[in-house]
Structures are given as structure tokens and as C-alpha cells.
Amino acid sequence: MNRAAIYHRPESEYAFMVSSHELKVRIRTAVEDIHSIEVVYGDPYEWMRGNWLSKSKLMDKSLQTDVHQYWSCTLTEEKRRLNYGFILI
């Protein structure tokens with residue numbers, strides 16, 4: 001895994017609102033370096049018995065250049081507060 005090629009910046013063109021409850025998330029990796037990316041996300045204040053109540057969603061390959069692969073997906077959260085992280089395989 002080429003960790004130097006992995007790039008995501010919140011509050012930019014890599015994470016932006018598309019409606020009042022939908023967030024578009026993107027991440028960049030090296031071409032043909034990552035098999036899949038899963039976003040784990042949810043309301044940061046929803047906990048049950050010490051565990052964060054999160055959801056997950058597979059990201060889609062969206063764009064590719066000679067050196068980078070871009071992944072994206074749209075996340076929905078009704079309460080308008082959201083934490084997220086990535087699992088790269």
C-alpha cells in the first residue's frame with residue numbers, strides 16, 4: 001500500500017454537502033494500489049453499551065489519472081452531525 005498517495009481533506013472538494021442531509025466524500029489513492037475502500041460513519045453521539053453505533057458503505061471508483069485513483073460515495077445522516085473514517089483493503 002502506497003501510503004504517500006492516500007489523500008483526503010475534510011471541508012474541501014473531498015467532503016462537501018450535496019443536500020441538507022447528504023455528504024459527498026472522496027479519497028485519492030495510487031492507481032491499482034487499493035482493492036476496496038469502506039467508509040465507517042455515523043452520529044458521533046450515538047453510543048450503546050460503550051460501542052459507537054456506526055454504519056458502513058463501500059466507495060465507488062469514480063475517476064482515474066495516470067497515477068491516482070479517486071473513490072467517492074454519498075453518506076446520509078438525518079441529524080446533520082457526522083463522523084467518518086476509512087478502511088482501505
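Which residue's side chain does R81 meet in a salt bridge? That would be D43, with N and O 2.9 Å apart. Keep in mind that this is a predicted model. A search of the whole structure turns up 4 salt bridges, and three pairs are walked through below, along with the largest pocket.

**The R81–D43 pair**
- R81 sits in the loop between β8 (68-76) and β9 (83-88), while D43 sits in the loop between β3 (37-42) and β4 (47-48), so their salt bridge ties together parts that are 38 residues apart in sequence.
- The two partners are not alike in accessibility: R81 is partly exposed, at a relative accessible area of 36%, whereas D43 is buried, at 1%.
- D43 counts as buried because its 1% falls under the 20% cut-off.

**The K79–E46 pair**
- K79 and E46 form another salt bridge, and their closest N and O atoms are 3.0 Å apart.
- This pair also links distant parts of the chain, with K79 in the loop between β8 and β9, E46 in the loop between β3 and β4, and 33 residues from one to the other.
- K79 comes out as partly exposed, with 45% relative accessibility.
- E46 is partly exposed as well, with a relative accessible area of 26%.

**The K55–E77 pair**
- K55 and E77 bring their side chains together in a salt bridge at 3.4 Å, N to O.
- Here a strand is involved: K55 belongs to β6 (residues 55-58), and E77 to the loop between β8 and β9, so to speak a link between distant parts of the chain, 22 residues apart.
- Is E77 buried or exposed? E77 is buried, with a relative accessible area of 9%.
- K55, on the other hand, is partly exposed, and its relative accessible area is 40%.

**The largest pocket**
- If you're after a pocket to look at, the largest one has a volume of about 200 Å³.
- It is lined by 14 residues, and those closest to its centre are M17, L23, R80, R81 and L82.
- Two elements, β1 (15-19) and β2 (22-30), each give two or more residues to that lining.
- By residue class, the lining of the largest pocket splits into 7 nonpolar, 2 polar and 5 charged.
- R81 turns up twice in this briefing: R81 is among the residues closest to the centre of the largest pocket, and the R81 side chain also meets that of D43 in a salt bridge.

How values were computed: Residues are numbered from 1 along each chain as its sequence is written. This is a predicted model: local features need pLDDT of at least 70, side-chain atom pairs count only at pLDDT 80 or more; totals for chains, interfaces and linings use all residues. Side-chain values use heavy atoms; hydrogens and water are left out. On a 1 Å grid over the protein atoms alone, a cavity is a set of points where a 1.4 Å probe fits but cannot get out, and a pocket is an open set with protein on both sides within 12 Å along at least five of seven lines; lining residues have an atom within 4 Å of a point. Grid points are joined across faces, edges and corners, and a volume is the space filled by probe spheres set on the points. Helices (H or I, at least four residues) and strands (E, at least two) are DSSP runs, numbered from the N terminus. Ala, Val, Leu, Ile, Met, Phe, Trp, Tyr, Cys and Pro count as nonpolar, Asp, Glu, Lys and Arg as charged, and the others, Gly among them, as polar. Buried means under 20% relative accessible area, exposed over 50%, partly exposed in between (1.4 Å probe, protein chains only).
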